[in-house]
Amino acid sequence: MDILQLEYFCSAAELENFTLAAKRHFIPQSAMSITIKRLEKELGTQLFDRVGNRIQLNETGKRFYVHAKSCLTEFRNAKVSVLETDEPCGEIRLLVLEERRIMAELLGQFHSKYPQIRFSVCHNLSGHPSFSYDVRISSAPLEDEKFICVPILTEKLVLAVSKSHKFAHRQRVHMSELADEEFIMLPPEYSIHRLTLESCQKNGFIPKIGISCDDPFCIRKYIVADMGISLVPPASWEGLIDENIVLIPIDGGNLLRKTVLECSKESLTSNSVKLFFDYCITAAHELEKHRKEI
């Protein structure tokens with residue numbers, strides 16, 4: 001039994017699919033299957049139940065997984081402790097589902113202090129289903145006791161319209177007034193899409209989606225072109241608003257977006273991950289304090 005076998009086994013256990021597990025490690029699916037079969041032969045027992053194209057840990061596999069994961073964590077910590085000299089090092093894997101701009105700025109600041117720490121960043125799991133992360137930034141907290149969850153930012157969405165739009169000179173707008181407007185929206189997997197849809201439905205209408213786009217930069221361009229309206233996060237867009245875009249407070253909807261920082265307790269055993277996690281929490285609290293003072 002070796003570390004590679006344990007890594008392959010844990011990936012297969014977490015993803016419940018040999019093909020996805022193989023993609024995580026950039027190996028053929030056959031190699032993953034052969035490795036797991038050899039591990040089971042060495043242990044003298046099956047670890048998975050095979051159901052069609054899916055696999056699931058059986059009771060023996062579940063017990064083995066706990067110890068295998070612990071071994072991998074200790075191995076990772078041992079490797080980092082050997083590599084670390086006077087400066088923290090290693091790799092941190094981030095899943096940034098919200099607040100991309102703010103997180104990019106934090107990464108830059110953190111990197112200037114700890115240049116030996118590397119990052120792998122993913123913004124959308126739909127294209128990378130096998131991405132395994134240490135830290136997750138999201139507006140949909142994981143209800144899992146294995147994770148530490150810390151709120152880092154709460155902001156209320158506002159209405160964004162072009163300077164030539166009929167609402168551009170309004171002080172406030174009620175959600176019910178948007179029933180006949182064309183919306184420019186992020187895809188369904190984004191929290192802003194969900195909040196927009198829920199607020200529209202609460203006011204008795206389904207939004208007319210004129211444009212669905214996963215790029216905030218392009219959304220801002222479409223708003224400037226007066227191709228529709230959008231509900232946007234003012235804090236995240238701070239400093240990025242075109243002079244031809246007007247932001248207007250909205251009434252009549254539950255438009256609070258709460259962003260959280262999450263990390264598994266297991267990942268926090270890594271010095272570099274804990275350092276970054278604590279850094280983000282401190283920076284986020286300072287940012288919130290600054291906004292309240294303005």
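# Exercises on a predicted model

Asp134 is buried, its relative accessible area being 6%. The model is predicted, and the exercises below work through selected parts of it.

## Exercise 1. The surroundings of Asp134

Task: Place Asp134 in the chain, classify its accessibility and list its contacts that are remote in sequence.

Solution.
1. Asp134 belongs to the loop that runs between strand S4 (117–122) and strand S5 (135–138).
2. The relative accessible area of Asp134 is 6%. The cut-off for buried is under 20%, so Asp134 is buried.
3. With neighbours within four places in sequence set aside, Asp134 touches Arg76, Glu91, Ile92, Arg93, Glu262, Cys263, Ser264, Ser267 and Val273.
4. Among these residues, Ser267 also makes a polar contact of 3.3 Å with Asp134, side chain to side chain.

## Exercise 2. The five-stranded sheet

Task: Give the strand order of the sheet that contains S4 and S5, name its edges, and locate the helix H5 against it.

Solution.
1. The order is S4-S3-S5-S14-S6, in an open sheet of 5 strands with mixed pairing.
2. S4 and strand S6 (147–156) pair on one side only, which makes them the edge strands.
3. From one strand to the next, the twist averages 20°.
4. Strand S3 (residues 90–96) and S5 run parallel and are joined by 3 bridges. Leu95 has Arg136 in S5 as its bridge partner.
5. Helix H5 (residues 100–113) lies across S3, S4, S5 and S6, and runs at about 170° to S4.

## Exercise 3. The three-stranded sheet

Task: Describe the sheet formed by S11, S7 and S12, and the helix that lies across these strands.

Solution.
1. The sheet is open, has 3 strands in the order S11-S7-S12, and its pairing is antiparallel.
2. Its edge strands, each paired on one side only, are strand S11 (230–232) and strand S12 (245–248).
3. Direction ignored, neighbouring strands are turned by 40° against each other on average.
4. Strand S7 (residues 158–162) pairs with S11 in the antiparallel sense over 3 bridges. Here Leu159 stands opposite Leu231 in S11.
5. Helix H7 (residues 216–224) lies across S7, S11 and S12 at about 55° to S7.

## Exercise 4. The packing of H1 on H3

Task: Classify the crossing of H1 and H3 and give the makeup of their contact.

Solution.
1. Helix H1 (residues 3–15) and helix H3 (residues 29–43) have axes that come within 10 Å and cross at roughly 110°.
2. Angles of 65 to 115 degrees count as roughly perpendicular, so H1 is roughly perpendicular to H3.
3. On the H1 side the contact involves Gln5, Tyr8 and Phe9, and on the H3 side Met32, Thr35, Ile36, Arg38, Leu39 and Glu42.
4. By class, the residues of this contact are 5 nonpolar, 2 polar and 2 charged.

## Exercise 5. Positive phi outside glycine

Task: Place Glu16 and Asp226, each with a positive phi, and state their accessibility.

Solution.
1. Most residues other than glycine have a negative phi.
2. Glu16 has a phi near 55°, and Asp226 has a phi near 60°.
3. Glu16 sits in the loop between H1 and helix H2 (18–24), whereas Asp226 sits in the loop between H7 and S11.
4. Glu16 is partly exposed at 30% relative accessible area. Asp226 is also partly exposed, at 36% relative accessibility.

Note on methods: Residues numbered from 1 in each chain as written. Predicted model: local features only at pLDDT ≥ 70, side-chain atom pairs only at ≥ 80, totals over all residues. Heavy atoms only, no water. Axes fitted to C-alpha atoms, helices over the stretch in contact; angles between N-to-C directions. Helix = DSSP H or I, 4+ residues; strand = E, 2+ residues; numbered from the N terminus. Parallel < 35°, antiparallel > 145°, perpendicular 65-115°, else oblique. Contact = heavy atoms within 4.5 Å. Nonpolar A, V, L, I, M, F, W, Y, C, P; charged D, E, K, R; others polar. Buried < 20%, exposed > 50% of the residue type's maximum accessible area, 1.4 Å probe, protein only. Polar contact = N/O pair within 3.5 Å; in protein donor to acceptor, adjacent residues only side chain to side chain. Pairing = 2+ DSSP bridges.
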